[in-house]
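Biologist: I'm new to this one and would like some help reading it. Could you walk me through it feature by feature?

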Amino acid sequence: MNDSILQAPAVVAIDFGYVQGAWRRSEAMRSTEADPVEPPTVGELEEALGEAVQKCDLFAKNWRNRVYRIELAHGRFVLGKQLVMGTDAMLQYQYEELRALAALEVPGLRVPNTIGLLPGKRLLLIEFVPGKNIKTLAWNSEDVVPACELAGKILARLQLARTESIRPMPVDVIDRDLALAPWRLSRWEKETLQSTLEKLAAAEVRTGHVYYDYKPANLIYQSNALFFLIDPPDVWWQGAHLWDYACFRSSMRRHLWRISLRRPYDRYRRTIIRRSLVAFEQGYLKSFAESHPEPRLFAPAVRLFELQRNAVLMTMQKAKVTAARKGHPIARGGRFGNPLANRLTLPLLQIERRWLFQQLARELP
């Protein structure tokens with residue numbers, strides 16, 4: 001495969017402004033047309049893969065991507081990720097990001113092989129990886145504990161390899177970014193946030209390339225190894241490495257809350273999830289010779305990034321609800337998920353935001 005098959009520049013650095021980035025994505029969501037790129041044909045896939053294709057099934061989709069499971073004539077499977085709303089630069093970046101992750105040779109991490117590109121259809125073809133993601137394991141398997149421990153170790157190793165600097169926490173930038181969040185803070189929340197920012201100004205954090213979406217749903221656990229699913233970000237994210245840590249932990253905590261609501265008598269499963277959260281933290285922290293930030297500031301620093309992620313999710317969720325209410329074409333056919341569930345998610349995010357502020361108040365030194 002020709003590595004220069006796409007020539008558009010792919011690197012766009014977004015430095016700490018995650019809520020600002022969410023506003024840009026939501027604006028793109030409102031301004032774009034539905035399905036601007038057609039699905040790949042069997043003939044196009046056969047030309048790109050150099051093999052006969054038995055069938056191509058739509059495996060999953062959302063407003064930004066379609067994922068296809070492609071069965072080859074000899075019974076082998078390939079996954080295709082199509083950027084429904086994107087550019088050639090985004091496709092090139094995702095291809096390069098997968099290759100860069102593989103080149104790091106992080107112990108325990110397996111990156112699916114990139115097989116081909118179909119630029120005319122903005123389609124990335126990669127190795128099909130069997131197994132269950134950590135999100136699924138959280139609901140039905142004790143393997144979620146070693147999987148989360150490995151996820152913590154791998155994340156730490158990725159960050160050690162990608163650390164560009166250790167610098168003071170950019171509290172002013174985070175403060176401005178949080179001001180863009182679509183929420184109304186109480187007086188107590190504003191005071192807690194201000195106190196948090198003041199105390200964390202003394203904290204130092206590792207910064208560099210951020211994976212951005214390091215979460216249980218994107219990690220497949222198989223044979224004591226983790227595979228990244230085909231969901232690297234569309235652009236180059238720069239920021240504090242704690243963002244990825246906070247992303248994984250907050251996602252696992254939401255799974256714990258969902259299990260508590262749907263299976264209130266399943267104490268054993270809740271215990272397993274709590275053990276997995278502890279295993280993730282231990283696997284992560286034990287991989288560093290020096291902690292940045294220092295231990296007394298680690299917990300509130302993580303909570304602050306969890307709060308920033310809450311603001312990102314709320315921004316995107318409000319955009320989905322608004323698009324559905326106004327009958328936007330890309331909201332039709334369930335591409336944003338269940339409309340009722342989307343509306344119910346907003347008050348749940350508000351509840352999470354209040355909980356995060358309570359935790360911040362308890363954890364501040």
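**Cavities, rings and strands**

Modeller: Happy to; keep in mind that this is a predicted model. Let's begin with empty space: the structure holds three cavities of 30 Å³ or more.

Biologist: How do I read a cavity, and what volume does the largest cavity have?

Modeller: The general idea is that rolling a probe the size of a water molecule over the atoms shows where empty space is left. Here, the largest cavity comes out at about 100 Å³. Its lining includes Q159, R206, H241, Y284, F288 and F298. Sorted by class, that lining has five nonpolar, four polar and two charged residues.

Biologist: And which residues line the second largest cavity?

Modeller: Among them are L155, L158, Q159, R162, Y211 and H241. This second largest cavity has a volume of about 60 Å³. Two elements, α5 (144-162) and β10 (204-210), each supply at least two residues of that lining. Helix α5 gives the most, with four residues. By class, the lining divides into four nonpolar, three polar and two charged residues.

Biologist: Some of those residues are aromatic. How should I look at aromatic pairs, and how many are there?

Modeller: A pair of aromatic rings is described by the distance of the centres and the angle of the planes. In this model the count comes to 12 aromatic pairs. Take Y211 and Y214: their rings are 6.5 Å apart centre to centre, with 90° between the planes, which is edge-to-face.

Biologist: Are Y211 and Y214 buried or exposed?

Modeller: Y211 has a relative accessible area of 4%, so it is buried. Y214 counts as buried too, because its relative accessibility is 1%. The cut-off for buried is under 20%.

Another edge-to-face pair is Y284 with F288, at 5.0 Å centre to centre and 65° between the planes. Y284 is buried because its relative accessible area is 4%, and F288, at 13%, counts as buried as well.

Biologist: Which residues do the ring pairs link into a cluster?

Modeller: Ring pairs join Y211, Y214, Y245, F248, F280, Y284, F288 and F298 into a cluster. You've met several of these names already: Y284, F288 and F298 also line the largest cavity, while Y211 is in the lining of the second largest.

Biologist: Let's turn to strands. Which way do the side chains of β12 point?

Modeller: In a regular strand the side chains alternate between the two faces of the sheet. You can follow that in β12 (residues 225-228): A225 and F227 point one way, L226 and F228 the other way, and all are buried.

Biologist: What does β12 pair with, and in which sense?

Modeller: β12 pairs with β5 (residues 109-110) in the parallel sense, over two bridges. Four bridges join β12 to β11 (residues 219-222), and those two strands run antiparallel. L226 is a good place to look: L109 stands opposite L226, and Y221 has L226 as its bridge partner. Between β11 and β12 the hairpin has two residues, and S223 takes a positive phi near 55° there.

Biologist: One last stop: where is G116 found, and is it buried or exposed?

Modeller: G116 is found in strand β6 (residues 114-118). With a relative accessible area of 4%, G116 is buried. Look across to A48 as well: it lies 68 residues away along the chain, yet the C-alpha atoms of G116 and A48 are separated by 6.3 Å.

Note on methods
Residues numbered from 1 in each chain as written. Predicted model: local features only at pLDDT ≥ 70, side-chain atom pairs only at ≥ 80, totals over all residues. Heavy atoms only, no water. Buried < 20%, exposed > 50% of the residue type's maximum accessible area, 1.4 Å probe, protein only. 1 Å grid on protein atoms, 1.4 Å probe; cavity = no way out; pocket = protein on both sides within 12 Å on 5 of 7 lines; lining within 4 Å. Points joined across faces, edges and corners; volume = space filled by probe spheres on them. Nonpolar A, V, L, I, M, F, W, Y, C, P; charged D, E, K, R; others polar. Phe/Tyr/Trp six-rings, centres within 6.5 Å; stacked < 30°, edge-to-face > 60°. Pairing = 2+ DSSP bridges.
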